[in-house]
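Q: Please introduce this structure to a reader who has not met it before, beginning with the vocabulary that the description requires.

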Amino acid sequence: MNGDVCKCVCPANYRGDTCEENIAQADNSVFWYFGETMLYSSYYPVDPQIWTKKYVQKTLQYYLTTELNKYCKANYAACCPNGGSATSSNDIVGYGDLLLTDNYPQNALDGSLKIGVHYRMQDATASTCGGPSTPYVNRNAVLTAAA
């Protein structure tokens, strides 16, 4: 404590004003923004339930997982930097491996909705990739696959 100001001392692998952000998870997350609607000179916030109620999650899971697996089969080293052996039957991730990043979705002050997602490697993927140093699929691989 410095005077009247309190500052959290975060445990390893966390950051933020209240240590709310998992660094490895956030650094390997992809973020989507859903715009706000202007109504009567004020912003109407996007409902965070859009993630589940409007099938955004299922659509994104299907599309992104399919494309990521295609990309990783063609660019194995980008997805599994620690090696391992690629086979045509090995999928790097499954639909259930796409997870919401901690503390998301969240509304910004302008009413827009920010959704953060990441892929977490399961034990089978970790062994396929030769024991990755992080349990998360690299953000750059996800972004490249989604392009």
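A: A residue is buried if its relative accessible area is under 20%, exposed if over 50%, and partly exposed in between (1.4 Å probe, protein chains only). The model is predicted: local features need pLDDT of at least 70 and side-chain atom pairs count only at pLDDT 80 or more, while totals for chains, interfaces and linings use all residues. Residues are numbered from 1 along each chain as its sequence is written, and side-chain values use heavy atoms, without hydrogens and water.

Q: Is E67 buried, exposed or partly exposed?
A: The relative accessibility of E67 is 22%. Because this value falls between the limits of 20% and 50%, E67 belongs to the middle class. E67 is therefore partly exposed.

Q: With which residue does K70 form a salt bridge?
A: A salt bridge requires a side-chain nitrogen of Lys or Arg within 4 Å of a carboxyl oxygen of Asp or Glu. The closest N and O atoms of the pair are 3.2 Å apart, so the criterion is met. Helices (H or I, at least four residues) and strands (E, at least two) are DSSP runs, numbered from the N terminus. The two residues stand three positions apart in helix 3, which separates them by about one helical turn, and the partner of K70 is E67.

Q: How many salt bridges does the structure hold?
A: Besides the bridge between K70 and E67, R15 and E21 meet through their side chains at 2.6 Å, N to O. R15 also bridges to D27, with the closest N and O atoms 2.9 Å apart. R15 lies in strand 1 (residues 14-15) and D27 in helix 1, so this pair ties together parts that are 12 residues apart in sequence. The number of salt bridges in the structure is three.

Q: Which residues are linked in a network of salt bridges?
A: R15 takes part in a bridge with E21 and in another with D27. The relative accessibilities are 31% for R15, 26% for E21 and 35% for D27, so each of these residues counts as partly exposed. The members of the network are R15, E21 and D27.

Q: What is the angle between the planes of Y62 and Y95?
A: Rings of Phe, Tyr and Trp (its six-membered ring) pair if their centres lie within 6.5 Å; planes under 30 degrees apart count as stacked, over 60 as edge-to-face and the rest as tilted. The search of the whole structure finds two aromatic pairs. In the pair of Y62 and Y95 the centres are 6.0 Å apart and the arrangement is stacked, with an angle between the planes of 20°.

Q: How many residues apart are Y62 and Y95, which link distant parts of the chain?
A: Y62 is exposed at 53% relative accessible area, whereas Y95 is partly exposed at 42%. Y62 belongs to helix 3 (residues 56-74), and Y95 to the loop between helix 4 (76-79) and strand 6 (98-100). Their separation in residues is 33.

Q: At what angle do helix 3 and helix 6 pack?
A: Axes are lines fitted to C-alpha atoms, for helices over the stretch in contact, and angles run from 0 to 180 degrees between N-to-C directions. Contact means heavy atoms within 4.5 Å, and on the helix 3 side Y63, L64, E67, L68 and Y71 meet A141, V142, T144, A145 and A146 in helix 6. The axes of helix 3 and helix 6 (residues 139-146) are 8 Å apart, and the packing angle is about 105°.

Q: Is helix 3 roughly parallel, roughly antiparallel or roughly perpendicular to helix 6?
A: Angles under 35 degrees count as roughly parallel, over 145 as roughly antiparallel, 65 to 115 as roughly perpendicular and the rest as oblique. Helix 3 and helix 6 pack at about 105°. That makes their relation roughly perpendicular.

Q: What is the relative accessible area of S29?
A: S29 lies in the loop between helix 1 and strand 3 (30-34). Leaving out residues up to four places away in sequence, S29 touches T101, V117, H118 and R139. S29 is buried, with a relative accessible area of 0%.

Q: Which residue is joined to Y104 by a cis peptide bond?
A: The omega of this bond is about 0°. The partner lies in the loop between strand 6 and strand 7 (106-107). The residue joined to Y104 is P105.
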